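User: I would like to go through this model label by label, asking each time what justifies the term being used.

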Amino acid sequence: MKSIDQIKRSFLKLYGSDPTVVSAAPGRVEFIGNHTDYNLGPVIGVAIDRRIFVAIRRIEERVFRFASGESSDFFTLNELSSPVEGENSWVNYPIGVYNCLVRRGMDSEGGFELFVDSNLPTGAGLASSAALELASGKAFCECFGLEVQLEELAVACKEAENEFVGVPCGILDQGVSAFGEEGSLVHIDCRDMLFSVIPLGKNLSIWIFNTHKKHALVESLYSKRHEECLEAVNGLVKAGLEISCLADVSMDTLEDAKGSLDERIAKRAKHIVGEIYRVEEVKRALVEGNVEKAGKLLFQSHASSRDLFENSIPELDFLVDILRSMPGVLGARLTGGGFGGAVMALAKPDFTKIYAESVASAYRGRFGEEPETLECHSADGACILESSN
Ligand code: GLA
């Protein structure tokens with residue numbers, strides 16, 4: 001685990017002075033609500049105890065310096081108006097956020113020196129990009145003196161990802177990284193941008209099994225699903241429904257109108273409408289303390305992704321099937337965009353490390369390599385760790 005002293009030491013070594021602000025923001029696990037966010041339905045996620053740290057110092061000179069834990073030196077940019085390509089493209093996340101905050105009135109005199117470090121694995125479906133956006137956003141606001149509500153900061157970070165990085169994601173990742181609370185899940189009403197917390201039963205853990213598989217076309221497949229959902233809305237409007245998004249459609253209405261849609265598009269819509277229902281059912285079950293029911297809904301969510309939204313892969317299906325037979329596992333499903341990535345499992349304490357290892361070795365027996373296994377706990381959202389501003 002990284003400590004704030006380590007971050008400050010690295011900053012000092014790189015830039016020759018202390019940072020003004022150190023911030024942190026957690027990764028997230030998508031608990032349930034697969035692709036519901038950009039369809040303006042609800043979604044539930046959980047901020048986890050792995051995070052990204054950002055240390056920053058404002059300087060008078062109009063230059064922008066960047067470094068991350070992996071590199072021993074920084075690199076410099078003279079302006080921040082266009083995205084960076086190649087191995088340094090991670091800087092597009094902080095730069096995108098900086099630009100969105102300047103648009104919201106942040107003072108942009110001078111420049112900054114920025115350092116990023118992390119104990120959150122990247123490429124594991126844990127939304128490290130959103131964590132970097134939120135940690136950067138918190139640090140910029142504190143360092144450059146901009147006051148924004150947390151809702152607005154999450155929206156600015158999503159805007160940065162949509163417009164500057166070019167990924168048409170919804171608010172899930174940024175919302176959960178912003179509003180996480182230890183002991184709780186974050187529920188987001190994506191239509192009204194309402195964030196609230198649901199207590200997560202005591203002693204429950206969230207396990208991640210990361211396959212490290214990534215479909216070569218993952219970004220374009222994500223966009224394709226986004227487009228298919230819009231196509232479903234357009235088709236239903238043409239058929240006479242007065243709706244503006246899939247969150248406006250009930251399962252009964254969809255059943256009556258689905259004949260007007262192409263079969264593939266009808267399947268996509270059915271997944272989203274069913275998933276929206278399951279999110280609210282999981283919320284109800286957890287509020288009533290019925291963790292078994294919540295777990296069953298997680299399994300149903302996976303089946304719907306696999307069969308209707310077709311964003312699973314055999315590796316994820318295999319993990320979910322094995323987890324179903326394990327003691328203490330309440331539910332499991334693919335988490336995040338899909339087409340590779342990770343499975344999450346909600347488990348009671350009887351699901352121990354030994355069982356997690358047996359899942360990993362069964363996977364190795366089938367696919368020839370082990371998935372990365374992480375046990376996570378819920379954690380607080382983005383925060384300032386230290387500031388001398
Ligand atoms: C990715 C996106 C999120 C959400 C999920 C799917 O994680 O960043 O906004 O759409 O996929 O639910």
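Analyst: Helices here are DSSP runs of H or I with at least four residues, numbered from the N terminus. The model is a predicted one. In helix α8 (residues 263–287) lie both R278 and E275, three residues apart, which is about one turn of the helix.

User: What makes the contact between R278 and E275 a salt bridge?

Analyst: The term requires a side-chain nitrogen of Lys or Arg within 4 Å of a carboxyl oxygen of Asp or Glu. The side chains of R278 and E275 meet at 2.8 Å, N to O, so the pair satisfies that cut-off. An α-helix has 3.6 residues a turn, so residues three or four places apart point the same way. Both R278 and E275 are buried, a label that stands for under 20% relative accessible area.

User: Why are E152 and R104 said to tie together separate parts of the chain?

Analyst: Their side chains form a salt bridge with an N to O distance of 2.6 Å. Because E152 belongs to helix α4 (residues 150–165) while R104 sits in the loop between α2 (92–103) and β5 (111–118), the pair joins parts that are 48 residues apart in sequence.

User: Why is E152 called partly exposed?

Analyst: Buried means under 20% and exposed means over 50%, with partly exposed in between. The relative accessibility of E152 is 32%, so E152 falls in the intermediate class. R104, with a relative accessible area of 24%, is partly exposed as well.

User: How do you know that R191 and D248 form a salt bridge, and which parts of the chain does the pair link?

Analyst: The closest N and O atoms of R191 and D248 are 2.8 Å apart, and the limit is 4 Å, so the pair qualifies. R191 is in the loop between β6 (184–189) and β7 (194–199), D248 is in the loop between α6 (218–238) and α7 (251–257), and the two are 57 residues apart. R191 has 38% relative accessibility and counts as partly exposed, and D248, at 33%, counts as partly exposed too. The structure holds 30 salt bridges, and a network of them links K224, R225, E228, R264, K267, R268 and E310.

User: What makes helix α5 "mostly covered"?

Analyst: In α5 (residues 172–179), eight of its eight residues are buried, each therefore having under 20% relative accessible area. Among them are the charged D173 and the residues L172, V176 and F179. The buried residues of α5 pack against β1 (21–32), β2 (42–59), α3 (128–144), α4, β6 and β7.

User: How do you know that K8 is in contact with E386?

Analyst: Contact means heavy atoms within 4.5 Å. Leaving aside neighbours within four places in sequence, K8 is in contact with P19, V22 and E386. K8 is found in helix α1 (residues 4–15), and at 22% relative accessibility K8 counts as partly exposed, since buried would require under 20%.

User: Why is the whole protein described as compact as a globular protein of that length?

Analyst: The protein has 11 helices and 12 strands. Its radius of gyration is 21 Å, close to the 21 Å that the globule rule gives for 389 residues, so the description follows from that agreement. Of the 389 residues, 56% count as buried. Among contacts between residues at least 6 apart in sequence, 72% join residues at least 24 apart.

Definitions and conventions
Residues numbered from 1 in each chain as written. Predicted model: local features only at pLDDT ≥ 70, side-chain atom pairs only at ≥ 80, totals over all residues. Heavy atoms only, no water. Rg over C-alpha atoms; globule rule 2.2 N^0.38 Å. Buried < 20%, exposed > 50% of the residue type's maximum accessible area, 1.4 Å probe, protein only.
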